[in-house]
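Here is a short report for a reader new to this structure. Take a look at the model, then read on.

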Amino acid sequence: MDDHGRGSGPRPEGGGDDPLAPAPPGPLPYEGVWRFTASAVDASVPQARHAVRDLLYRQGVPLTDDLLQGLLLIVSELVTNGVKHAALLSPILAVEVAVGAEWVRVSVEDNHPYRPTALVADHDETGGRGLLLVREVTREAGGACDVEHTASGGKVIWAALPLTSARVP
């Protein structure tokens with residue numbers, strides 16, 4: 001059974017037996033899960049960002065401009081991390097966009113076993129701030145992000161943001 005991004009929790013009782021019973025609410029038109037792959041090369045960063053933007057517009061996801069820009073920045077940073085740090089062991093990255101009634105989640109999966117951590121960046125370095133930026137954008141929007149190991153030994157880095165902005169001071 002396809003759950004259209006609504007999770008595997010319990011379903012309302014009734015429905016099929018009583019034809020007069022109200023049907024359980026279906027998913028909103030923009031709800032779903034979409035997944036695509038990208039080569040772990042620099043050119044994939046803007047391609048992934050544009051693919052996610054186009055998907056969200058095409059599905060009619062109710063996004064504010066700030067939320068959209070934050071999501072696209074997160075996608076750029078996560079794909080960039082995959083290109084820079086995982087390409088040797090993972091020449092293909094998987095990008096997933098999941099949209100629920102009240103949230104949107106983007107994730108990037110690779111087959112590299114190294115689990116990155118967002119450390120305090122050295123101010124003399126020009127890089128190393130990508131995950132810090134992802135965590136800050138996510139926090140400001142009232143969302144959550146994490147890194148998880150996959151069953152195949154790789155990792156998935158994800159960020160989920162509410163569709164209604166919850167700016168944290």
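The crossing of helices α1 and α2 is right-handed. This comes from a predicted model. The axes of α1, residues 44–59, and α2, residues 65–85, come within 9 Å of each other. They cross at roughly 145 degrees.

Which residues make the contact? On the α1 side they are S44, V45, A48, R49, V52, R53, L56 and Y57. On the α2 side they are L68, L71, L72, V75, S76, V79, T80 and V83. Sorted by class, the contact of α1 with α2 has 11 nonpolar residues, three polar and two charged.

**The sheet**

Next comes the sheet. Five strands form it, and it is open. Their order is β1-β2-β3-β5-β4, with antiparallel pairing. Why is one side of β1 and of β4 left without a neighbour in the sheet? Both strands stand at the edges, and each has a single partner strand, so one side of each has no neighbour there. From one strand to the next, the twist averages 15 degrees.

α1 also packs on this sheet. The helix touches β1, β2 and β3, and its direction makes about 160 degrees with that of β1. Strands β1 and β2 run antiparallel and are joined by eight bridges. Within this pair, R35 has E96 of β2 as its bridge partner.

α3 lies across β4 and β5. It runs at about 30 degrees to β5.

The table gathers the angles.

| Elements | Angle |
|---|---|
| α1 and α2 | roughly 145 degrees |
| α1 and β1 | about 160 degrees |
| α3 and β5 | about 30 degrees |

**The cavity**

Where is empty space left? Rolling a probe the size of a water molecule over the atoms shows this. The structure holds one cavity of 30 Å³ or more. The largest cavity has a volume of about 40 Å³.

Which residues line the largest cavity? They are L131, V134, R135, C145, D146, V147, I157 and W158. Three elements each supply at least two residues of this lining: α3 (130–141), β4 (144–149) and β5 (155–162). By class, the lining has six nonpolar residues, two charged and no polar.

These elements have come up before. α3 lies across β4 and β5, and β4 is one of the strands at the edges of the sheet.

Note on methods
Residues numbered from 1 in each chain as written. Predicted model: local features only at pLDDT ≥ 70, side-chain atom pairs only at ≥ 80, totals over all residues. Heavy atoms only, no water. Axes fitted to C-alpha atoms, helices over the stretch in contact; angles between N-to-C directions. Helix = DSSP H or I, 4+ residues; strand = E, 2+ residues; numbered from the N terminus. Left-handed = near helix turned anticlockwise from the far one by under 90°. Contact = heavy atoms within 4.5 Å. Nonpolar A, V, L, I, M, F, W, Y, C, P; charged D, E, K, R; others polar. 1 Å grid on protein atoms, 1.4 Å probe; cavity = no way out; pocket = protein on both sides within 12 Å on 5 of 7 lines; lining within 4 Å. Points joined across faces, edges and corners; volume = space filled by probe spheres on them. Pairing = 2+ DSSP bridges.
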